[in-house]
Amino acid sequence: MDKKRSSVPLVCHGHSRPVVDLFYSPITPDGFFLISASKDSSPMLRNGETGDWIGTFEGHKGAVWSCCLDTNALRAASGSADFSAKLWDALTGDELHSFDHKHIVRACAFSEDTHLLLTGGFEKILRIFDLNRPDAPPREVDSSPGSVRTVAWLHSDQTILSSCSDVGGVRLWDVRSGKIVQTLETKSPVTSAEVSQDGRYITTADGSTVKFWDANHFGLVKSYNMSCDMESASLEPKLGNKFVAGGEDMWVRIFDFHTGEEIGCNKGHHGPVHCVRFSPDGESYASGSEDGTIRIWQTSPAIIGENGTNLGNGPVSGKVKAGADDISRKLEDLNVSREGKNGEKDKSTDV
């Protein structure tokens, strides 16, 4: 049996206050990207593979609680304590639109087709903004039983998901009717809800429990009790055989999906972990903490090579991994490619 593994993370500085949300883009022709939300009011965009800073979105006047990128990583969105959600050009950093709310915005999410933006917050109202007509009034779904904490889209934008800060459970709403079609019952408020990359599972963290739900039939698939309250959890997107969770004990733990056994524990943060997310290629995962840092951890090398060699974060593509000869070449070119990425960072457009 393998011993528990820990890895040395890439540490991403820049935020001056706690990091409260992380979001990875899908893999694009230009790679994949990581956006972070912080109480310092300035979301940051990074290269998702290297953690290199690309730019900062400036304009909010209060803590930013939520952030996301659209499918093509061309636009970003953020929800803030300044009673607004903002839409950004992810290439230039320009603010494209500001959507006013009447209270703190805690959650936002782009639809899969990128035409809609879903928001929720202290008003207990879910709003759907048409990004093709940003000045038009949003569609409102105002039956949330509590202050909205998380939102997400699923079923090809036919269903929306929400959880509350003060009420347990996850509610699934039919977009056309605006009605709740299912409630996933939990004892504690759900602080993290993630739809898996293949659309099969909903991963939730509530109190000291991480649960996995069937995203189509809504049955409970797995439920694991943790050693402390976990604020966030994320399922490995390619094989679906492990998940990460982080919470109040400041550690980022990795578990076997099928058994719940802890197979890794990463220590390094100096405050509670507020958010964890797997990269879209499954080869690394990021954590954001009260200490103001983002840490990008290497997924267990056992996934990558037959000999257990740690090959780094791998190529930025969704293709099948190369053969042994190609892997050897990539290892030889590792220093060269790192130097190239550092050079590219200097040339990047400031956001």
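**Exercise 1. Determine which residues F129 touches beyond its sequence neighbours, and whether F129 is buried or exposed.**

Solution. Leaving aside residues up to four places away in sequence, F129 touches F99, H101, H115, L116, L117, T119 and P138 in this predicted model. The next step is to place the residue: F129 belongs to strand 12, which covers residues 126-130. Its relative accessible area is 4%. Since buried means under 20%, F129 is classed as buried. Finally, consider E140: F129 and E140 are 11 residues apart in sequence, and their C-alpha atoms are 8.9 Å apart in space.

**Exercise 2. Carry out the analysis for G169: locate it, classify its accessibility and list its contacts.**

Solution. G169 lies in strand 16, residues 168-174. With a relative accessible area of 0%, G169 is buried. Not counting residues up to four places away in sequence, G169 touches S162, S163, C164, L184, E185, T186, S188 and V190. A further distance concerns T183: 14 residues separate it from G169 in sequence, while the C-alpha to C-alpha distance is 6.4 Å.

**Exercise 3. Describe the open sheet of 4 strands: its order, its edges and the pairing of strand 22 with strand 23.**

Solution. The strand order is 21-22-23-24, and the pairing is antiparallel. Strand 21 (230-235) and strand 24 (262-266) are the edge strands, each pairing on one side only. On average, neighbouring strands of this sheet are turned by 20° against each other, with direction ignored. Within the sheet, strand 22 (residues 242-247) and strand 23 (residues 252-256) are joined by 5 bridges. One residue pair can be named: G246 has V252 of strand 23 as its bridge partner.

**Exercise 4. Explain why strand 2 is described as largely enclosed, and identify the bridge partner of V19.**

Solution. Strand 2 spans residues 19-24, and 5 of its 6 residues are buried; it is therefore largely enclosed by the rest of the structure. Strand 2 is joined to strand 3 (residues 33-38) by 5 bridges, and the two run antiparallel. The bridge partner of V19 is S38, in strand 3.

**Exercise 5. State how many aromatic pairs there are, and characterise the pairs Y24 with F32 and F212 with F257.**

Solution. The count comes to 9 aromatic pairs. Y24 and F32 form one of them, with 6.0 Å centre to centre and 65° between the planes. As planes over 60 degrees apart count as edge-to-face, this pair is edge-to-face. Y24 is buried at a relative accessible area of 8%, and F32 is buried at 2%.

F212 and F257 also form an edge-to-face pair, 4.9 Å centre to centre with 80° between the planes. This pair links distant parts of the chain: F212 is in strand 19 (residues 209-214) and F257 in the loop between strand 23 and strand 24, 45 residues apart. Both F212 and F257 are buried. They belong to one aromatic cluster together with Y201, Y224, F243 and F255.

**Exercise 6. Identify which side chain T56 contacts through polar atoms, and which charged residues lie over the rings of W65 and W251.**

Solution. T56 is part of strand 5 (residues 53-56), and it is buried at a relative accessible area of 9%. Its side chain makes a polar contact with the side chain of W53, at 3.1 Å. For W65, the charged end of R106 sits over the ring, 4.1 Å from its centre. For W251, K267 lies over the face at 4.1 Å from the ring centre.

Note on methods
Residues numbered from 1 in each chain as written. Predicted model: local features only at pLDDT ≥ 70, side-chain atom pairs only at ≥ 80, totals over all residues. Heavy atoms only, no water. Buried < 20%, exposed > 50% of the residue type's maximum accessible area, 1.4 Å probe, protein only. Contact = heavy atoms within 4.5 Å. Pairing = 2+ DSSP bridges. Axes fitted to C-alpha atoms, helices over the stretch in contact; angles between N-to-C directions. Polar contact = N/O pair within 3.5 Å; in protein donor to acceptor, adjacent residues only side chain to side chain. Phe/Tyr/Trp six-rings, centres within 6.5 Å; stacked < 30°, edge-to-face > 60°. Lys NZ or Arg CZ within 6 Å of the ring centre and 35° of its normal.
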